[in-house]
Amino acid sequence: TSTPPALASPQPQASPVPVVEKAKRLAAWTAVDRHVLPEHKVIGIGSGSTVPFVVERIVSQGKAVNKDRVFIPTGFQSKELIVNAKLLLGDVDQYPVIDVTIDGADEVDHDLNAIKGGGACHLREKVLAEAADTFVIVADYRKNSEVLGTNWTQGVPIEVAPFAYAKVLQNLHLIGSPKATLRMAKAKAGPVVSDNGNFIIDAPFPREMMQDPYTLLTRIKMLTGVVEVGLFCHMAKAAYFGNEDGSVLIK
Ligand code: 5RP
């Protein structure tokens, strides 16, 4: 008599991790491995969907090294990430000098200038980027371009004082962004409000203006009512892009 073969019990199908998510994780892990060193005690954590992989990798460095570190968030989302990972939370007013800040970006050009603010966090993100000895960007392959505004077409995110938004919009139209608009919450429930209580304008500019992001940044920043501009010029030391084929491009 032969024993019948055991019936295999049905296994739940693991849902495949989308290529973009793998690319984000790869960029984040590579950047952490290269830039978050054991001697680093104050670490800035940016915002967006790539940053959870940064925290994931930092946690994997172990409790021994992380117990002597403090983590500074760029907004509500990264604060939650830090707290949920049981890492020590700090603030930039306590720690105005940061060893390394790692953050995502909406687009990065050939010169490491970046558009940021897709998540309306760019004021705090810029403060943490500036406070850091080393500021590093992590992103997937879709964020890499020669000229800003090529892939990220919705425009430069601009944080404005609510009282001044109409005037800023009018001035943005005059300086070259006729399609600048106030960012609205989903279902048009009202304007998006940043963690700082301000409104966000998205201002697309023609390619010739985006080719010189520093000049554009200074022009926008001069407009009364503008709090911060989502153009990060000459700030990043490196950018890591996870590719579809599992490689990482380092700029
Ligand atoms: C938020 C940001 C984010 O870093 C940027 O939008 C990138 O996010 P993601 O990693 O989800 O693509 O600037 O203000």
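Where does the ligand sit? In this predicted model, you'll find the ligand in the largest pocket. Below is a quick tour of that spot, followed by a look at a sheet built from three strands.

**Who surrounds the ligand**

- Start with the neighbours: the ligand has 16 residues around it, and the closest are Ser 47, Ser 49, Thr 50, Asp 106 and Lys 143.
- Sorted by class, that shell contains eight polar residues, five charged ones and three nonpolar ones.

**Polar atoms facing the ligand's oxygens**

- Ser 49 has a polar side-chain atom 2.5 Å from an oxygen atom of the ligand.
- Lys 143 also brings in its side chain, with a polar atom 2.5 Å from a ligand oxygen.
- Cys 121 takes part through its backbone: a polar atom there is 3.1 Å from an oxygen atom of the ligand.
- How much of the ligand's accessible area does the protein cover? On its own, the ligand has 380 Å² of accessible area, and the protein covers 90% of that.

**The three-stranded sheet**

- Now for the strands: S4, S5 and S11 make an open sheet, lined up as S4-S5-S11 with antiparallel pairing.
- Strands S4 (107–108) and S11 (231–232) stand at the edges with a single partner strand each, so each has one side without a neighbour in the sheet.
- As a bit of background, strands of a sheet pair through backbone hydrogen bonds, and the pairing can be parallel or antiparallel.
- Strand S5, covering residues 114–115, pairs with S11 over two bridges, in the antiparallel sense.
- Want to spot one partnership yourself? Look for Ile 115, whose bridge partner in S11 is Leu 231.

Key:
Residues numbered from 1 in each chain as written. Predicted model: local features only at pLDDT ≥ 70, side-chain atom pairs only at ≥ 80, totals over all residues. Heavy atoms only, no water. Near = heavy atom within 4 Å. Polar contact = N/O pair within 3.5 Å; in protein donor to acceptor, adjacent residues only side chain to side chain. Areas by Shrake-Rupley, 256 points an atom, 1.4 Å probe, with all protein chains shown as cover. 1 Å grid on protein atoms, 1.4 Å probe; cavity = no way out; pocket = protein on both sides within 12 Å on 5 of 7 lines; lining within 4 Å. Sits in = over half its atoms within 2 Å of the grid points. Nonpolar A, V, L, I, M, F, W, Y, C, P; charged D, E, K, R; others polar. Pairing = 2+ DSSP bridges. Helix = DSSP H or I, 4+ residues; strand = E, 2+ residues; numbered from the N terminus.
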